[in-house]
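Me: Please examine closely the aromatic side chains in the structure below. I should then like the account to continue to the pockets and to the pairing of the strands.

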Amino acid sequence: MSEDNHPYIKYPRYHPDMPNGAEATTEAFYQHMNQRRTVRHYSPEPVSRAIIENCIKTAGTAPSGAHQQPWHFCAISNPQAKQTIRQAAEKEEQEFYATKASPEWLKALDPLGTDTNKQFIETAPWVIAIFAKKYGIDENGNKVKHYYFNESVGLATGMLITALHNIGLSTLTHTPSPMGFLNQLCNRPKNEKPYMLLIVGYPEDQCQVPDIKRLDLNKISNFIE
Ligand code: IYR
């Protein structure tokens, strides 16, 4: 895009408040994010719409291919809608566990204790259906190619999870497959592909999570200095 139709503005260096300096701040943020665990047992404790709106606004600050912002978030707290999603998701999952999943896949899932029961979809106060806009539609109704839409929506989803964790809310990234039923339920057009369901709420009182470990730094990175 030329500078004419996309003028530039000054971007002064951002100075967040870091009384203990950048190294201590990044270490503290790592410790904070390392408390995040995927939760499958939720409390029905309500979460305000304002909180969900602020976290979705945060997700919408993600970078995206050609700044096309190819995401849509449908936030659902309506009990009937959640029940419909649960029923549809469980139907898909029954097929997944009974026939679609390979023995290797089932073995990989074993430590996580997942199964076809998706009670959490109804118990948690919010379910956010995330859609990826595979292409856009211009003013004349023509298709507009979207670049890197999967990567872009993944980035936005990560930022949404981070924003929710930041105030102590837990999430579960759930991908019933196929998820076509979500377009109809969420009133979304066909250029939007259901990307993920994000279950959002506080963990139930006696919530347990599998005792998994994260890979060490030296297993997930190398440095060339
Ligand atoms: N979608 C199924 C199976 C599942 C797959 C993966 I990869 C997980 O990390 C967890 C579950 C389900 O939700 O049960």
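Reply: K143 lies over the face of Y135, at a distance of 4.5 Å from the ring centre. This arrangement, like everything that follows, is read from a predicted model.

Turning to contacts between rings, the structure holds two aromatic pairs. In one of them, the ring centres of F96 and Y97 are 5.0 Å apart and the planes stand at 90°, so this pair is edge-to-face. The other pair joins F96 to W105, with 4.8 Å from centre to centre and 85° between the planes, and is edge-to-face as well. F96 takes part in both contacts, and F96, Y97 and W105 make up one aromatic cluster. The surroundings of the members can be stated for two of the rings. F96 has a relative accessibility of 12% and therefore counts as buried, the cut-off being under 20%. W105, at 47% relative accessibility, counts as partly exposed.

The helices α3 (79-100) and α4 (103-109) also bear on the largest pocket, for each of them supplies at least two residues of its lining, as does the strand β5 (170-174). The volume of this largest pocket is about 440 Å³. Its lining comprises 23 residues, of which R40, L109, T114, T173 and T175 are the closest to the centre. The greatest contribution to that lining comes from α3, with four residues. By character, the lining consists of ten nonpolar, six polar and seven charged residues.

The second largest pocket has a volume of about 290 Å³. Eighteen residues line the second largest pocket, and R40, H41, G113, N117 and F120 lie nearest its centre. R40 thus appears among the central residues of both pockets. In the second largest pocket the lining divides into six nonpolar, eight polar and four charged residues.

The strand pairing can be followed from β2 (residues 126-133), where seven of the eight residues are buried. Strand β1 (residues 71-76) runs antiparallel to β2 and is joined to it by six bridges; within this pairing, C74 stands opposite A129. Strand β6 (residues 192-201) also pairs with β2 in the antiparallel sense, over eight bridges. There, I130 of β2 has M196 of β6 as its bridge partner. β2 accordingly has both β1 and β6 as antiparallel partners. In a regular strand, side chains alternate between the two faces of the sheet.

Technical notes
Residues numbered from 1 in each chain as written. Predicted model: local features only at pLDDT ≥ 70, side-chain atom pairs only at ≥ 80, totals over all residues. Heavy atoms only, no water. Buried < 20%, exposed > 50% of the residue type's maximum accessible area, 1.4 Å probe, protein only. Pairing = 2+ DSSP bridges. 1 Å grid on protein atoms, 1.4 Å probe; cavity = no way out; pocket = protein on both sides within 12 Å on 5 of 7 lines; lining within 4 Å. Points joined across faces, edges and corners; volume = space filled by probe spheres on them. Nonpolar A, V, L, I, M, F, W, Y, C, P; charged D, E, K, R; others polar. Phe/Tyr/Trp six-rings, centres within 6.5 Å; stacked < 30°, edge-to-face > 60°. Lys NZ or Arg CZ within 6 Å of the ring centre and 35° of its normal.
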